[in-house]
Amino acid sequence: HPNSREPLATLLDMFPSVEWVHARSAGIDFITSPQLRSQARGGVALTNAKGCFSSTLAEYTLMACSYFAKDLPRLLKNKNAKNWDRYDVLELRGATMGIIGYGDIGRAVAKLADAY
């Protein structure tokens, strides 16, 4: 949460025996502050869940690509209307995918997309 910097720093002041702060997200930028960095140098370890959700997010990414390529909202609307007219969809096989960022998630997306 973008507003978690101050409450976390306050909590660490209130509980000086805390030795470790772990974020479930891939990054810790949203919790770091000058005060927290100084506390980290004083012995509070800051860790994150890097790589923990990479495969799930990669699968979601490819599902989203299929969702838009096949125009799923249109397909469902036509199905509910019992409209069986043909319409063109995009083929993902052989397409070029641009991946912005090649961290754990980007590499997992590239690995899955290679199947296309």
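Helices and strands are here DSSP runs, of at least four residues for a helix and at least two for a strand, numbered from the N terminus. In this predicted model, the chain has five helices and two strands, and their order along the sequence follows the pattern α-β-α-β-α-α-α. Of the contacts in the chain with a separation of 6 or more, 60% are accounted for by residues 24 or more positions apart. Buried residues make up 22% of the 116 residues in the chain, while the chain exposes about 8,900 Å², of which carbon and sulfur atoms supply 58%.

The two strands are considered next. Strand E1 spans residues 20-23 and pairs in the parallel sense with strand E2, residues 45-48, over four bridges. Within this pairing, Trp20 has Ala45 of E2 as its bridge partner. The two faces of E1 can be told apart by their cover, since Val21 and Ala23 form the covered face, whereas Trp20 and His22 form the uncovered one. Trp20 therefore belongs to the uncovered face of E1.

Helix H3 covers residues 54-69, and Ser54 has its place in this helix. Because the relative accessibility of Ser54 is 8%, this residue counts as buried, the cut-off for that class being under 20%. When residues up to four places away in sequence are not counted, Ser54 touches Asp104, Ile105 and Ala108. Helix H5 comprises residues 104-113.

Aromatic rings were examined as well, and the structure holds one aromatic pair. The rings of Tyr67 and Phe68 have their centres 5.0 Å apart and their planes at 85 degrees, so the pair is edge-to-face, a class that requires planes over 60 degrees apart. The two partners fall into separate classes of exposure: Tyr67, at 31% relative accessibility, counts as partly exposed, whereas Phe68, at 62%, counts as exposed. A further arrangement involving a ring is found at Tyr102, where the charged end of Arg107 sits over the ring, 5.9 Å from its centre.

Cysteines were then inspected for covalent links. A disulfide is a covalent bond between the sulfur atoms of two cysteines. The structure holds zero disulfides. As for exposure, Cys52 has a relative accessible area of 52% and is therefore exposed, while Cys65, with a value of 26%, is partly exposed.

Finally, the backbone was examined for unusual angles. Most residues other than glycine have a negative phi. Asp71, a residue other than glycine, has a positive phi near 50 degrees, and its place is in the loop between H3 and helix H4, the latter spanning 72-80. With a relative accessible area of 30%, Asp71 is partly exposed. Lys82 likewise has a positive phi, of about 55 degrees, although it is not a glycine, and this residue is found in the loop between H4 and helix H5. Lys82 is exposed, its relative accessible area being 66%.

Terms used: Residues are numbered from 1 along each chain as its sequence is written. This is a predicted model: local features need pLDDT of at least 70, side-chain atom pairs count only at pLDDT 80 or more; totals for chains, interfaces and linings use all residues. Side-chain values use heavy atoms; hydrogens and water are left out. Rings of Phe, Tyr and Trp (its six-membered ring) pair if their centres lie within 6.5 Å; planes under 30 degrees apart count as stacked, over 60 as edge-to-face and the rest as tilted. Buried means under 20% relative accessible area, exposed over 50%, partly exposed in between (1.4 Å probe, protein chains only). A charge sits over a ring if NZ of Lys or CZ of Arg is within 6 Å of the ring centre and within 35 degrees of the ring normal. Contact means heavy atoms within 4.5 Å. Accessible areas come from the Shrake-Rupley method with a 1.4 Å probe; for residues, only the protein chains shown count as cover. A disulfide is a pair of cysteine sulfur atoms within 2.5 Å. Two strands pair if DSSP finds at least two bridges between them.
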